[in-house]
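Reader: I am new to this structure. Please take me closely through its loops, and then show me what lies around them. Short sentences would help.

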Amino acid sequence: MRLRILFLIAAILTFGFVKGQNTITSAGLIPKPVLMENNLGAFELSNKTTIYYTDNNEELKKVALYFKNLIKPATGFDIAVKPLSKETTRHSITFEIIENPELGTEGYKLKIYPQVITLSANTPEGIFRGIQTIRQLLPAKVEKKTVQKGPWKIPDGEITDFPSYRYRGMMLDVSRHFFGVEDVKHLIDLISIYKINTLHLHLSDDQGWRIEIKSWPKLTEIGGKTQVGGGKGGFFTQEDYKEIVRYAAERYITVIPEIDMPGHINAALASYPELNCDNKAKELYTGTDVGFSTLCVHKDVTYKFVDDVIRELSAITPGEYIHIGGDESHATKKEDYIYFISKVQDIVAKYGKKVLGWDEIALSEIKPGTVAEYWAKDSNAVLAVKKGGKILMAPGSRTYLDMQYNKKTPLGLHWSGYVNVKKAYDWDPATSVKGIHKKDITGVESPLWTETIKTFDDIEYMVFPRLPGHAEIGWTPAKERSWDDYKKRIAKQASRFKALDINYYKSPLIDWKE
Ligand code: TNX
């Protein structure tokens, strides 16, 4: 009898505790982890906490320092980071490299007790992803840049987590409107919170060439001079680009550069007369039409140009992919397009890289390792798979971050419909195109085209809150996802958006909890 009463009291206390306090399952984690278990109590971060890392692993040490520096401004704590030794202190967070095939490259296991946290993974990359989970379990004010009042509690329990898809990306178009190194770094920081691991940079288009190519300097001297609306444009020097790649790599984000060919190429045609079939340079273009420009497919100099560009870009791109564009080449004859895309795949292979291209590349040959990025046409995606390619899912009607949310929201286009927060979230890449299955898909990407996007505030407005939803689609198993559950969790992210000063779109579909 007495035992029963004790149980009852314990149950009441537990319920009260769980109800009033942050728990792992109530924290609103995005992407939602594969397995979560709550425990009573919490780990409290303090100045006495020590971070340990195993095996004297230098890369892991860097990740540990990243975490230390992440939480420093808001907590004010200058937490010690040490290699794991026998005399560990009681109040510690340990990052350890283990061997657990279930977790893959990016997965992690997180165990949180009142006195210790252990975060384990096969790789430092997995530890980095797990750190983003710890970050989201901390109060949102941890994101602020000035010292905030504690307590800094992390709810107890366990998480086992790993992604559904290897590729989880965002694309930024820096051609239509140019965005500089600082903006790109800031974006990298924001998307890393949601375990995004790839940043695709759309570096050239009709309106601007944005990457220095040393053997063709006029591409940026002339082709980088303007942008949509006639503003001053700009470009990345190779040093700038390398700095972006380095900064992204520190956050386990791979940069994929895109040179859009054979169409979307007016900026290059304006820079070098010899790239035109009639040897006359085009005028620079500051409008927003598409599909009017093409490289001269049967000229030798065209392939000298492509070779030089891919060679220089490959040399400063550690990631395995180069994106060759290939979309909307309406000004290129079909047989020329097929010929060109086939040749360019060989050039990319020659420099040790693999090809990504918009889904139209399926009309050409698909060489081993090539991935087609599905944006519009089901038949192209099916054809790419038939030809042995894989698919990156970026359907315009779901993932295009440049689509307006609805007809009242001020920025963006709507050629593929309005993409509200539910439409962006509530779909499954593995079942959305007939004939394409999970095994054919490398992952999910969210492109932000910037015809109407001029400032970083504009970027934030289009990216948030849709991108976290795409990040979850790429990470969380489809059977664990539902809109009703997601909308409660995205509502809770609002306090984090606010602490980060993100100009997010306050969709009326969500009951925001700032
Ligand atoms: C189509 S999507 C394009 C881009 C535009 C975009 C605007 C794709 C591969 N090509 O050139 O910027 O629409 O939404």
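Author: Start with how the elements are named. Helices are DSSP runs of H or I with at least four residues, strands are DSSP runs of E with at least two, and both are numbered from the N terminus. One caution comes early: this is a predicted model.

Begin with Asp55. Asp55 sits in the loop that runs between strand E2 (50–53) and helix H2 (58–75). Its phi is positive, about 60°, although Asp55 is not a glycine. Is Asp55 buried or exposed? Exposed is assigned over 50% relative accessible area. Asp55 has 61% relative accessibility, so it counts as exposed.

Now take Tyr252. This residue is in the loop between helix H6 (238–250) and strand E12 (254–261). Tyr252 is not a glycine either, yet its phi is positive at about 55°. Its surroundings must be judged by another cut-off: buried means under 20% relative accessible area. Tyr252 has 15% relative accessibility and therefore counts as buried. The two residues can now be set side by side. Asp55 is exposed, whereas Tyr252 is buried.

Glu320 gives another case. It lies in the loop between H8 and strand E13 (321–325). Its relative accessible area is 44%, so Glu320 is partly exposed. Which distances link Glu320 and Val255? In sequence they are 65 residues apart. In space, their C-alpha atoms are 9.4 Å apart.

Next comes a loop residue with named polar partners. Ser293 is located between helix H7 (266–271) and helix H8 (300–315), in the loop that joins them. Its relative accessible area is 3%, so Ser293 is buried. What does its side chain reach? One partner is the side chain of Asp206, through a polar contact of 2.5 Å. The Ser293 side chain also comes to 3.0 Å from the backbone nitrogen of Ile265.

Two loops hold a cis peptide bond. Going from Gly150 to Pro151, the bond is cis, with omega near -5°. Pro151 belongs to the loop between H3 and strand E7 (152–161). From Phe464 to Pro465 the peptide bond is cis as well, with omega near 15°. Pro465 is in the loop between helix H13 (456–463) and helix H14 (466–475).

The loop of Pro151 leads back to H3, so to speak. How many residues does helix H3 have? It has 14, covering residues 124–137. Its end-to-end C-alpha reach is 20 Å, close to the 20 Å expected at 1.5 Å a residue. H3 is mostly covered, with 14 of its 14 residues buried.

Arg135 belongs to helix H3. With 7% relative accessibility, Arg135 counts as buried. Its side chain has partners too. One polar contact, of 2.9 Å, joins it to the side chain of Gln132. Another, of 3.0 Å, joins it to the side chain of Glu143.

Helix H4 can be read in a similar way. It spans residues 181–192 and has twelve residues. From its first C-alpha to its last it reaches 16 Å, close to the 16 Å expected. Among its buried residues are Val184, Lys185, Leu187 and Ile188. An α-helix has 3.6 residues a turn, so residues three or four places apart point the same way.

Behind the loops and helices lie the nonpolar cores. The largest has 101 residues. Which of them touch the most other members? They are Trp209, Met261 and Phe305. A second core is separate and has 37 residues, including Ala27, Leu60, Ala64 and Phe67. In soluble globular proteins, nonpolar side chains tend to be buried together.

Finish at the ligand. There are 13 residues around it. Asp327, Tyr400, Asp402, Trp415 and Glu451 come nearest. By class, this shell has seven nonpolar, one polar and five charged residues. Some distances can be named. A ligand nitrogen atom is 2.8 Å from an N or O atom of the Asp327 side chain. A ligand oxygen atom is 2.6 Å from an N or O atom in the side chain of Trp415. For the side chain of Glu451, an N or O atom is 2.6 Å from an oxygen atom of the ligand. Taken alone, the ligand exposes 360 Å², and the protein buries 98% of that.

Conventions
Residues numbered from 1 in each chain as written. Predicted model: local features only at pLDDT ≥ 70, side-chain atom pairs only at ≥ 80, totals over all residues. Heavy atoms only, no water. Near = heavy atom within 4 Å. Polar contact = N/O pair within 3.5 Å; in protein donor to acceptor, adjacent residues only side chain to side chain. Areas by Shrake-Rupley, 256 points an atom, 1.4 Å probe, with all protein chains shown as cover. Nonpolar A, V, L, I, M, F, W, Y, C, P; charged D, E, K, R; others polar. Expected span 1.5 Å × (residues − 1). Buried < 20%, exposed > 50% of the residue type's maximum accessible area, 1.4 Å probe, protein only. Core = buried A, V, L, I, M, F, W, Y, C linked by side-chain atoms within 4.5 Å.
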